[in-house]
Amino acid sequence: MRFSVADHHFMAQALRLAERGLWTTRPNPRVGCVIVRDGEVVGEGAHLRAGEPHAEVHALAMAGERARGATAYVTLEPCSHHGRTPPCAEALLEAGIGRVVAAMPDPNPQVAGRGLARLQAAGVETAVGLLAAEAEALNPGFVQRMRIGRPFVRCKLAASLDGRTALASGESKWITAADARRDVHRLRARSCAIVTGSGTVQADDPALTVRDIKLPAQWPGQPLRVVLDSQLRTAPAAAVVQGEGEVLILHAAADASPRAAALTAAGARVERIAAAADGLDLAAVLERLAALEINEVLVEAGPTLAGAFVQAGLVDELVIYLAPHLMGHDGSPLLRLPGIVSMKQRLPLRILDVRMVGTDLRVRARLEK
């Protein structure tokens, strides 16, 4: 399928609109729509929050009668099923849209080409695949959850330039400066869940909430905080339990009734999950989170749990903040990766982005699989 320069221009505009929902649409995908008639934009919209109108509906409302015979540029195939809202494919048909260009097909099995097929059957010209990679990059978690049944996992790490995450005493506040810490809150704001380990809870007592940044009015609230605690040692008074928003504690303890009851009374959800040799089965953890409609997970944990996620091949992206100081060889390492004894066993990375965030360096990388 060949697309014109104008097609590229208007789809790029739709992608920019979709970015408005970066922090707010969970568990739905971020979607933008632009309606064009005779080369002029007559309607535009973005999906901003689950349960509220989709991008196409906002754009059609703006376009009104001018939508008849127009082209709709949508970053994701229009839905064809009744979910929280009516199907957008039907709304486009009722408005008399003449052509629909979708950046990518919807990976949701409930749609999966049915939206475009419904439009085609009604005589609407359709095309798909324009700026598809850019559209998929907006929704890595939704796409991955629909395709393979697990969320997209980012692992955030902060270290000194010599790769230390804490001093030998355990002291780690603060490795990075305020700008980098605010950047982490932006990562939290776009995530559906934040995962940590019981060791980090006991050592640092983190709240793991989003704060210190300006949030949009449609923001749905704090992400789910998830504590991986194989022996259920988390205290009911822990900040992660007492803080704003939901917290889920996953464990594998055989007899956990009294501790589970105390945590439940403190407001936590407590669930038992499959164990592995050295803790919890991390693949089972992610499957459980996918069942809860979690799209994007941010792992904020110590070097052992973070290393276990990496070693298991379950990290899709590393976000590493490097601070301009040295902490010495006795401190904690960035990651604990057992079993690497030869250069052939190294884990290759593809650097996606390197930039300064205040005085600190941020590196985004993907593990090559």
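Trainee: At about what angle to β15 does helix α7 run?
Mentor: This is a predicted model, in which local features need pLDDT of at least 70, side-chain atom pairs count only at pLDDT 80 or more, and totals for chains, interfaces and linings use all residues. Helices (H or I, at least four residues) and strands (E, at least two) are DSSP runs numbered from the N terminus, and contact means heavy atoms within 4.5 Å. Axes are lines fitted to C-alpha atoms, for helices over the stretch in contact, with angles from 0 to 180 degrees between N-to-C directions. Helix α7 (residues 178-190) lies across β6 (152-160), β8, β14, β15 (317-323), β17 and β18, and its angle to β15 is about 165 degrees.

Trainee: And which strand does helix α12 meet at about 115 degrees?
Mentor: Residues are numbered from 1 along each chain as its sequence is written, and side-chain values use heavy atoms, leaving out hydrogens and water. With that numbering, helix α12 covers residues 303-311 and lies across β6, β8, β9, β14, β15 and β18. The strand to which α12 runs at about 115 degrees is β8.

Trainee: In what order do the nine strands of the open sheet come?
Mentor: Two strands pair if DSSP finds at least two bridges between them, and the pairing in this sheet is mixed. From one strand to the next, the twist averages 20 degrees. The order is β11-β10-β9-β8-β14-β6-β15-β18-β17.

Trainee: Which strands stand at the edges of that sheet?
Mentor: An edge strand has a single partner, so one of its sides is left without a neighbour in the sheet. Here the edge strands are β11 (269-272) and β17 (349-357).

Trainee: How many residues of strand β8 are buried?
Mentor: Buried means under 20% relative accessible area, exposed over 50% and partly exposed in between, with a 1.4 Å probe and protein chains only. Side chains in a regular strand alternate between the two faces of the sheet. In β8, Ala-193, Val-195 and Gly-197 point one way while Ile-194 and Thr-196 point the other, and all are buried. Strand β8 (residues 193-197) is therefore largely enclosed by the rest of the structure, and its buried count is five of five.

Trainee: Which residue of β14 is the bridge partner of Ala-193?
Mentor: Strands of a sheet pair through backbone hydrogen bonds, either parallel or antiparallel. β8 runs parallel to β14 (residues 296-299), with three bridges joining them. Ala-193 has as its bridge partner there Val-297.

Trainee: What handedness does the β-α-β unit of β8, helix α8 and β9 have?
Mentor: β8 and β9 (residues 224-228) pair in the parallel sense over five bridges, with Val-195 opposite Val-226. A crossover is right-handed if, with the strands pointing away from the viewer, the path from the first strand over the helix to the second runs clockwise. With helix α8 (residues 198-204) in the middle, this unit is right-handed.

Trainee: Which helix packs on the sheet of five strands, touching β4 and β5?
Mentor: That open sheet has the order β2-β1-β3-β4-β5 and mixed pairing, with β2 (40-46) and β5 (125-128) at its edges. Four bridges join β4 (residues 99-102) to β5 in parallel, and Val-101 stands opposite Ala-127. The helix, residues 114-121, makes about 155 degrees with the direction of β5 and is named α4.

Trainee: Is Asp-38 buried or exposed?
Mentor: Asp-38 sits in the loop between β1 and β2, and has a positive phi of about 55 degrees although it is not a glycine. Its relative accessible area is 77%, so Asp-38 counts as exposed.

Trainee: Where is the proline of the cis peptide bond that begins at Arg-26?
Mentor: The cis bond runs from Arg-26 to Pro-27, with omega near 5 degrees. Pro-27 lies in the loop between α1 (5-18) and β1 (32-37).

Trainee: What radius of gyration does the protein chain have?
Mentor: The radius of gyration is taken over C-alpha atoms, and the globule rule is 2.2 Å times the number of residues to the power 0.38. The C-alpha atoms fill a box of roughly 70 × 45 × 40 Å along the principal axes, and 51% of the 369 residues count as buried. For 369 residues a compact globule would come near 21 Å, which agrees with the chain's value of 23 Å.
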